[in-house]
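Work through the exercises below with the sequence and the model in view. Try each task before reading its solution.

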Amino acid sequence: MPQDGFYAKVRRGLPDLVAQWLTLGQGDADRLALLLAETARVTRTGLPEETPSGETLAAWSRPDGDEPPLWAARTATFLLVQMPARPVPAGDDEACAWAYCWLRNRDAESVEAAEQALPEHLREPLAAALRAAWTDLKGLRLV
């Protein structure tokens with residue numbers, strides 16, 4: 001029986017978040033893996049020791065595959081929110097993953113400030129998840 005807590009939803013949604021990057025990014029899986037790792041290093045959303053292969057990135061995007069490292073999910077969020085295609089999470093678990101990573105990527109003073117910093121097209125789809133992520137943050141899970 002799956003858990004329904006916020007963090008359990010985040011963990012289930014991380015592969016979907018990476019899958020969005022694989023689906024919407026321009027290029028083959030190897031190129032997208034390289035872009036993800038290099039962006040993580042430049043933006044400091046993570047410091048991967050090595051660049052993953054496209055095969056590894058694909059495995060991270062499957063619910064039955066390896067869980068993606070946090071740097072990959074945070075960086076995918078960073079890239080997805082800037083896309084002109086204006087992607088949105090496909091479900092509640094993925095929305096929780098987006099919101100979790102959004103807060104990990106930012107230093108917001110309040111949940112309202114974090115919400116206002118979101119692109120307009122993500123405010124409604126992430127509203128509930130962002131509030132749950134903020135509650136989780138204040139409960140010190142996002143350390």
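**Exercise 1.** State how many helices and strands the protein has, and judge its compactness.

*Solution.* Step 1: the secondary structure consists of seven helices and zero strands, where helices (H or I, at least four residues) and strands (E, at least two) are DSSP runs, numbered from the N terminus. Step 2: along the sequence this reads α-α-α-α-α-α-α. Step 3: the radius of gyration is 14 Å, close to the 15 Å that the globule rule gives for 143 residues, so the protein is as compact as a globular protein of that length. The radius is taken over C-alpha atoms, and the rule is 2.2 Å times the number of residues to the power 0.38.

This is a predicted model: local features need pLDDT of at least 70, side-chain atom pairs count only at pLDDT 80 or more, and totals for chains, interfaces and linings use all residues. Residues are numbered from 1 along each chain as its sequence is written, and side-chain values use heavy atoms, with hydrogens and water left out.

**Exercise 2.** Locate valine 88 and describe its surroundings.

*Solution.* Step 1: valine 88 sits in the loop between helix H4 (70–80) and helix H5 (92–105). Step 2: its relative accessible area is 35%, so valine 88 is partly exposed (buried is under 20%, exposed over 50%, partly exposed in between; 1.4 Å probe, protein chains only). Step 3: leaving aside neighbours within four places in sequence, valine 88 contacts Gln20, Trp98, His121, Leu122 and Pro125 (heavy atoms within 4.5 Å). Step 4: valine 88 and proline 125 are 37 residues apart along the chain, yet their C-alpha atoms are separated by 7.0 Å.
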